[in-house]
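Here is a guided walk through one protein model, from its sheet to its core and on to a few backbone details. Keep the viewer open as you read.

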Amino acid sequence: MSDRQATVSHDAAQQRYELLVDGQPLGFAEYSEEGERMVFTHTEVDPSLSGQGLGSVLAKGALEDARRRGKRVVPQCEFIARYIERHEQWQDLADPV
């Protein structure tokens with residue numbers, strides 16, 4: 001990752017996590033909440049960030065928050081599904097699609 005400042009914020013009203021890079025919203029992960037489950041439906045990261053690891057920052061931030069809130073995760077979104085598949089520490093959160 002570059003020296004850019006990246007943070008993840010949760011917008012519960014919009015049911016999405018936002019990736020802020022140097023204060024600018026440059027990515028999001030949308031979900032729908034179904035009781036104790038968060039169904040991740042779509043993730044986008046600005047193409048200018050490709051290859052910088054910032055999509056992973058977004059996925060990790062969203063999953064950390066889901067764990068903290070005691071939620072199960074249903075990764076319908078291919079990006080979140082691949083991230084969980086590659087990172088064993090998140091596999092216990094995932095329910096099948």
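The report below starts with the sheet, then takes up the helices, the core and some individual residues.

## The sheet

Please keep in mind that this is a predicted model. Its open sheet has five strands in the order 1-2-3-4-5, and the pairing is mixed. Strand 1 and strand 5 (72-75) form the edges, each pairing on one side only. From one strand to the next, the twist averages 30 degrees.

The table sets out three of the strand pairs, each with one residue pair to look for.

| Strand pair | Direction | Bridges | A residue pair |
|---|---|---|---|
| Strand 2 and strand 3 | antiparallel | six bridges | Leu-20 opposite Pro-25 |
| Strand 3 and strand 4 | antiparallel | eight bridges | Glu-34 with Arg-37 |
| Strand 4 and strand 5 | parallel | four bridges | Val-39 opposite Val-74 |

Two further pairs are handy for finding your way. Phe-28 stands opposite Glu-44 in strand 4, and Phe-40 stands opposite Pro-75 in strand 5.

## Hairpins and positive phi

The hairpin of strand 2 and strand 3 has two residues between its strands. Asp-22, in the loop between these strands, has a positive phi of about 50 degrees although it is not a glycine. Is Asp-22 buried or partly exposed? With a relative accessible area of 45%, Asp-22 is partly exposed; the cut-off for exposed is over 50%.

The hairpin of strand 3 and strand 4 likewise has two residues between the strands, and there Gly-35 takes a positive phi near 65 degrees.

Gln-15 is another residue to check in a Ramachandran plot: it is not a glycine, yet its phi is positive, at about 50 degrees. Gln-15 sits in the loop between strand 1 (6-11) and strand 2. Its relative accessible area is 28%, so Gln-15 is partly exposed.

## Two helices on the sheet

Now turn to the helices. Helix 1 lies across strand 1, strand 2, strand 3, strand 4 and strand 5, and runs at about 140 degrees to strand 2. Helix 2 also packs on the sheet, where it touches strand 4 and strand 5, and its direction makes about 120 degrees with that of strand 5.

How do the two helices meet each other? They pack at an angle of about 80 degrees, with their axes 10 Å apart. Helix 1 is therefore roughly perpendicular to helix 2, a term that covers angles of 65 to 115 degrees. On the helix 1 side, the contact is made by Gly-55, Ser-56, Ala-59, Lys-60 and Leu-63; on the helix 2 side, by Phe-79, Ile-80, Tyr-83 and Ile-84. By type, the residues of this contact divide into six nonpolar, two polar and one charged.

## The nonpolar core

The largest nonpolar core has 23 residues. Which residues have the most contacts inside this core? They are Tyr-17, Leu-19, Val-21, Phe-40 and Val-73. At least two core residues come from each of strand 2 (16-21), strand 3 (24-34), strand 4 (37-45), helix 1 (54-68) and helix 2 (78-86). Helix 1 gives the most, with six residues.

Val-73 is a good residue to select in the viewer. Leaving aside its neighbours within four places in sequence, Val-73 is in contact with Met-38, Phe-40, Leu-63, Ala-66, Ile-84, Leu-93, Ala-94 and Asp-95. Two of these names have come up above: Leu-63 of helix 1 and Ile-84 of helix 2 also take part in the contact between the helices.

## Arg-67 and its distant partners

The last stop is Arg-67, which is found in helix 1. What does Arg-67 touch, not counting residues up to four places away in sequence? The residues are Gln-89, Trp-90, Asp-92 and Leu-93. Arg-67 and Leu-93 are 26 residues apart in sequence, while their C-alpha atoms are 7.2 Å apart in space. Leu-93 is also one of the contacts of Val-73. Arg-67 itself is partly exposed, with a relative accessible area of 34%.

Key
Residues numbered from 1 in each chain as written. Predicted model: local features only at pLDDT ≥ 70, side-chain atom pairs only at ≥ 80, totals over all residues. Heavy atoms only, no water. Core = buried A, V, L, I, M, F, W, Y, C linked by side-chain atoms within 4.5 Å. Buried < 20%, exposed > 50% of the residue type's maximum accessible area, 1.4 Å probe, protein only. Contact = heavy atoms within 4.5 Å. Axes fitted to C-alpha atoms, helices over the stretch in contact; angles between N-to-C directions. Parallel < 35°, antiparallel > 145°, perpendicular 65-115°, else oblique. Nonpolar A, V, L, I, M, F, W, Y, C, P; charged D, E, K, R; others polar. Pairing = 2+ DSSP bridges.
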